[in-house]
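Dear colleague,

Please find below the structure that I agreed to pass on to you. My notes on it follow directly after.

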Amino acid sequence: MKKNIFQLCSPQLKEIAIALQNRIVEGLEHDGKEISCIPTYVIPKSTDVNGQAVVLDLGGTNYRVATVTLKNGKATIHPENG
């Protein structure tokens, strides 16, 4: 039987995930890397901001929606993994 080259075991998937994460970090820290990333931030003017906001990421390929809860200067994003 022929081996399925697209079937990966857990250690291979973890290695791929770590390599992707490292390339994304490089893209955030330096220009001209394999994966170009543009960091974006929204910084509240005060740590006294409390409440919820809906955030939209209208990327070129994906469309993501999350809810951010601000409480006592700390942000919590739901869902955690978009």
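A salt bridge is taken here as a side-chain nitrogen of Lys or Arg within 4 Å of a carboxyl oxygen of Asp or Glu. By that criterion, a search of the whole structure returns two salt bridges. Please bear in mind throughout that this is a predicted model.

Confidence

The mean pLDDT of the protein chain is 84, and 94% of the residues reach at least 70. Confidence is highest in helix α1 (residues 10–29), with a mean of 92, and lowest in β1, with a mean of 86.

The sheet

Three strands form an open sheet in the order β1-β2-β3, and their pairing is antiparallel. β1 and β3 (74–78) are the edge strands, each of them pairing on one side only. On average, neighbouring strands of this sheet are turned by 30° against each other, with direction ignored. As a general point, the strands of a sheet pair through backbone hydrogen bonds, in either a parallel or an antiparallel manner.

Eight bridges support the antiparallel pairing of β1 with β2, and the connection from β1 to β2 is a hairpin through four residues. On the other side, β2 and β3 run antiparallel and are joined by five bridges. Within this part of the sheet, Thr69 lies opposite Thr76 of β3.

The salt bridges

Which residue of β2 is the bridge partner of Asp57? The partner is Arg64, and these two residues also form a salt bridge, in which the closest N and O atoms are 2.4 Å apart. Asp57 has a relative accessibility of 31% and therefore counts as partly exposed. Arg64, at 34% relative accessibility, likewise counts as partly exposed.

The side chains of Glu34 and Arg23 also meet in a salt bridge, with an N to O distance of 2.7 Å. This pair links distant parts of the chain: Arg23 belongs to helix α1, whereas Glu34 sits in the loop between α1 and β1, and the two are eleven residues apart. Is Glu34 buried or exposed? Glu34 is exposed, because its relative accessible area is 64% and the threshold for that class is over 50%. Arg23 has a relative accessible area of 34%, so this residue is classed as partly exposed.

The nonpolar patch

Val54, Leu56, Leu58, Tyr63 and Val65 make a nonpolar patch of about 540 Å² on the surface. The elements that give two or more residues to this patch are β1 (51–58) and β2 (63–71). β1 gives the most, with three residues. Val65 is located in strand β2; its relative accessibility is 43%, so Val65 counts as partly exposed.

How many of the eight residues of β1 are buried? The count is zero, and β1 is thus hardly covered. The same strand is an edge strand of the sheet and the main contributor to the nonpolar patch.

In brief, two features involve β1 together with β2: the nonpolar patch, to which each gives two or more residues, and the antiparallel pairing over eight bridges. In the pair formed by Asp57 and Arg64, a strand bridge coincides with a salt bridge. The salt bridge between Glu34 and Arg23, by contrast, connects a loop residue with a residue of helix α1.

With kind regards

Technical notes
Residues numbered from 1 in each chain as written. Predicted model: local features only at pLDDT ≥ 70, side-chain atom pairs only at ≥ 80, totals over all residues. Heavy atoms only, no water. Patch = residues over 30% accessible without salt bridge, like charges linked within 9 Å, V, L, I, M, F, W, Y side chains within 5 Å. Areas by Shrake-Rupley, 256 points an atom, 1.4 Å probe, with all protein chains shown as cover. Buried < 20%, exposed > 50% of the residue type's maximum accessible area, 1.4 Å probe, protein only. Pairing = 2+ DSSP bridges. Axes fitted to C-alpha atoms, helices over the stretch in contact; angles between N-to-C directions. pLDDT = per-residue confidence, 0-100.
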